[in-house]
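Biologist: Thanks for sitting down with me. Could you take me through how each label on this model is earned?

Modeller: Gladly; have a look first, and then ask away.

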Amino acid sequence: MDVEECLKEWEDLLSDYRRLETVNKDYIAKLEEVGELQSQCMKELEHQRYRINVISGALKRLETKGVTKDERVANLEKEIMKRKAMLHEIKATLPKQNSLYLRIILGNVNVSILNKNDKFKYKDEYEKFKLILSAIAFVLAVLNLYIDFRPLQLILIFLLVWYYCTLTIRESILKVNGSRIKGWWRLHHFVSTVVAGILLIWPQNEPWNQFRHTFMCFIAYISVVQYMQFRYQSGVLYRLKALGARHNMDITIEGFHSWMWRGLSYLLPFLFGGYVFQLYIAYTLYNLSYHPEATWQVSYLAALYLLLHFCNMYTILRTLRKKTQGGLKLRYKLRAIAYRLSNEVAVLEQKWRQNRVETKSE
Ligand code: COA
């Protein structure tokens, strides 16, 4: 290119730049509009919540006064439950403040994922991350069962510290984005980080040599359980997507129960097996704490494994009780998720059709 051509190119580029400026202005205006719509949604959401609380309070007062509950009241209660489930789903589409833990680790960066599909993708990635790391842990644990090599043991334990630490961050992000993950399962990973940290500084003495084999078996076992959990969670995610794609809000109580228990009944014995294993580890460590060479790590780990056993047992039994007793509430939650998903699928389909029409006309 000579100078003349360069100048001509530059002139040409100017008109392209004007186009970019117009698109960017449009984009900024839309972003502002989105911000306004978000705060409007939040206000309306608060309004709905406030009025629902007033109605629920009035119903409770009527009940305490001894007013008999007729069909209209029962229907109204069901409608309130449905509306609450829908409000939860609407809330999940709005940006949220980071939890204290995330603010400490990440600062005030926005981790809200506003698109449901991206949320599913993030959850899917989280499950895959757990699966890959469990596969690596399984291989390392099996190797450690056959090879007595300290650096290999340290690699596995260090991997566990990093893995559980990462899980706590990912789960906090999931929570900000509306996941219903129970507090204990998140706390469980904080405790597991501490357990792995203590294991890392446990000196290589006789109690460790006696415990090593049991620990490696445990890691191999929970890696297999993790694979089963992955299969179960992927199944739930897949069925939820299928339910949403059917554009059908109705699911019978029988359908719902088979929907919910599918996959769970074969996972549960393995989960309980894991908890019994944790109790066995606590017992083994307790016995080892009387060993003359035992350091403080042994008794602390015994207490932590006992804590893990009891809290896991308690949480899983509570989850199962809720799943069997809270059928109606859960059904509405499920239907709300499926409904929102079906709306988004419809919006995506509409966008896709629009794009096709536009490209055809071009
Ligand atoms: N880790 C991470 N997320 C979990 C979880 C866990 N252990 N248990 C449940 N969740 C999530 C679910 O994916 C769901 O997320 P969403 O709201 O984003 O869709 C939410 O929490 C609510 O789940 P819930 O309906 O209460 O349970 P579920 O049917 O998804 O799973 C179990 C039930 C029992 C299978 C599951 O809790 C589990 O696997 N627990 C055992 C964990 C454990 O003990 N690990 C150690 C093994 S030794």
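Biologist: What makes a polar side-chain atom of Gln229 and an oxygen atom of the ligand a polar contact?

Modeller: The two atoms lie 2.7 Å apart. A polar contact is a pair of N or O atoms within 3.5 Å; within protein, one must be able to donate a hydrogen and the other to accept it, and residues adjacent in sequence count only if both atoms are side-chain atoms. The Gln229 pair therefore qualifies. Before we go on, this is a predicted model: local features need pLDDT of at least 70, side-chain atom pairs count only at pLDDT 80 or more, and totals for chains, interfaces and linings use all residues. Residues are numbered from 1 along each chain as its sequence is written, and side-chain values use heavy atoms, with hydrogens and water left out.

Biologist: Which other side chains put a polar atom by an oxygen atom of the ligand?

Modeller: Tyr275 does, at 2.4 Å, and so does Ser179, at 3.0 Å. Taken alone the ligand exposes 880 Å², and the protein buries 85% of that. Those areas come from the Shrake-Rupley method with a 1.4 Å probe; for residues, only the protein chains shown count as cover.

Biologist: How do you know which residues surround the ligand, and how many are there?

Modeller: A residue is near a molecule or strand if one of its heavy atoms lies within 4 Å of it. The shell has 19 residues, and the closest are Lys123, Arg180, Gln229, Tyr232 and Tyr275. Helices α4 (116-146), α7 (206-245), α9 (264-288) and α10 (296-325) each supply at least two residues of that shell.

Biologist: What makes up the shell by class?

Modeller: Ten nonpolar, four polar and five charged residues. Here Ala, Val, Leu, Ile, Met, Phe, Trp, Tyr, Cys and Pro count as nonpolar, Asp, Glu, Lys and Arg as charged, and the others, Gly among them, as polar.

Biologist: Stepping back, how many helices and strands does the chain have?

Modeller: Eleven helices and zero strands. Helices (H or I, at least four residues) and strands (E, at least two) are DSSP runs, numbered from the N terminus.

Biologist: How do you know whether the span of α1 is close to what is expected?

Modeller: The expected span of a helix is 1.5 Å times one less than its number of residues. Helix α1 (residues 3-64) has 62 residues, for which 92 Å is expected, and it reaches 90 Å from its first C-alpha to its last. For α2, with 21 residues, the span is 30 Å, close to the 30 Å expected. Gly66, which follows α1, has a positive phi, near 90 degrees.

Biologist: Why is Asn98 called buried or exposed?

Modeller: Buried means under 20% relative accessible area, exposed over 50%, partly exposed in between (1.4 Å probe, protein chains only). Asn98 has 6%, so it is buried. Asn98 sits in the loop between α2 (71-91) and α3 (100-106), and a polar atom of its side chain lies 2.7 Å from the backbone oxygen of Val109.

Biologist: What is Asn98 in contact with?

Modeller: Contact means heavy atoms within 4.5 Å. Leaving aside neighbours within four places in sequence, Asn98 is in contact with Arg103, Gly107, Asn108, Val109, Val111 and Val176.

Biologist: Why does Thr168 count as buried or exposed?

Modeller: Its relative accessibility is 2%, so Thr168 counts as buried. Thr168 lies in helix α5 (residues 150-176), with a polar side-chain atom 2.5 Å from the backbone oxygen of Cys165. Beyond four places in sequence, Thr168 is in contact with Tyr101, His189, Phe190 and Thr193.

Biologist: And Arg186: why is that residue called buried or exposed?

Modeller: At 18% Arg186 falls under the cut-off, so it is buried. Arg186 is found in helix α6 (residues 183-200) and touches Glu171, Ser172, Lys175 and Ile181, not counting residues up to four places away.

Biologist: What share of the chain is buried?

Modeller: Buried residues make up 37% of the 362 residues. In α1 they are Gln38, Leu45, Ile52, Ser56 and Leu59, and what covers them includes α2.
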